[in-house]
Amino acid sequence: MKILLALLLLIPSLSWGLTFNNETHFYSDSDWNIEFIPAGQHTNKNPKYVTFHYENDDKFIRITHIPGDMTGATKSDFKNGRERSEIRTPVDNGLIRNSEYSLSLKVRFKTFVKGKIYFMQVHNNDKGSCPKQKVPIKIKLIDGMNTIYISPRNANPYYADAKGLIKVNKWNKVRMDFTTYKQGKINFYLNDVHIAKDIPMTVEHECARMKIKIGVYKELSQDKHNKNEKNIIDYDDIILKKNK
């Protein structure tokens, strides 16, 4: 027993989503400045849809969503025909209200997106006495990868023209500047092209505790193609800056 414990102490801690003593490790990388955990921890603390890979000695994270996989689902997803394979920032590292942020990352769609998938969000933590509110920002890829649908859920959605900007199996640079004011705005950049400017957004309640989410989220009622579509998305260089 003593030998086993000694060997365990020699094993370096990994931030690759491994479980020890039923605890979830953070997903992180040397070129990120934020950490993530699985979004559906009540189902699986370390889901198989999260994997890390290397390319030219650079580590990146991969989210693989297989049709019908409910590993990352919330309780309401089972009732409402939704599937998701996501990771999120921890509650303790929530975004600060009445602030301005810039989120930048690289994203690579390994598979062509026929249907409609959300691939990044600014979400809410609706806990305790804070009233339930709509999700501040959802970013969805639609129209054969030619349009990015920006959904600031308390304002009108915006359809950003991305025709010719996204290539399958190629890294794409994404930057989203957004605010956490009661009435604020979103600016979205794709491969250095400013495709959405000053899109109104709102955060209803002062008690809102917001988080960043990445990965695949599908609402099957919106698109029949989603039921049979396998999606693989790579993410890297994830940087969140608080500008004000």
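How many bridges join strand S6 (residues 82-88) to S15, and in which sense do the two strands run? Seven bridges join S6 to S15, and the two run antiparallel. This is a predicted model, and the points below take up that pairing, an open sheet of seven strands and the largest cavity.

**Strands S6 and S15**
- Within the pairing of S6 with S15, serine 85 has valine 216 of S15 as its bridge partner.
- Strand S15 (residues 209-219) is mostly covered, since 10 of its 11 residues are buried.

**The open sheet**
- Seven strands, in the order S4-S5-S16-S7-S12-S13-S14, form an open sheet in which the pairing is antiparallel.
- Strand S4 (50-55) and strand S14 (193-202) stand at the edges with a single partner strand each, so that one side of each is left without a neighbour in the sheet.
- From one strand to the next, the twist averages 30 degrees.
- Inside this order, S7 and strand S16 (residues 231-242) pair in the antiparallel sense over eight bridges, and serine 104 stands opposite isoleucine 239 in S16.

**The largest cavity**
- The count comes to one cavity of 30 Å³ or more, and about 30 Å³ of space lies in the largest cavity.
- The largest cavity is lined by Val107, Phe109, Phe119, Ile148, Ile166, Asn172, Val174 and Leu190, which by class are seven nonpolar, one polar and no charged residues.
- Strand S7 (100-109) and strand S12 (172-179) each supply at least two residues of this lining, and both strands also belong to the open sheet.

How values were computed: Residues are numbered from 1 along each chain as its sequence is written. This is a predicted model: local features need pLDDT of at least 70, side-chain atom pairs count only at pLDDT 80 or more; totals for chains, interfaces and linings use all residues. Side-chain values use heavy atoms; hydrogens and water are left out. On a 1 Å grid over the protein atoms alone, a cavity is a set of points where a 1.4 Å probe fits but cannot get out, and a pocket is an open set with protein on both sides within 12 Å along at least five of seven lines; lining residues have an atom within 4 Å of a point. Grid points are joined across faces, edges and corners, and a volume is the space filled by probe spheres set on the points. Helices (H or I, at least four residues) and strands (E, at least two) are DSSP runs, numbered from the N terminus. Ala, Val, Leu, Ile, Met, Phe, Trp, Tyr, Cys and Pro count as nonpolar, Asp, Glu, Lys and Arg as charged, and the others, Gly among them, as polar. Buried means under 20% relative accessible area, exposed over 50%, partly exposed in between (1.4 Å probe, protein chains only). Two strands pair if DSSP finds at least two bridges between them. Axes are lines fitted to C-alpha atoms, for helices over the stretch in contact, and angles run from 0 to 180 degrees between N-to-C directions.
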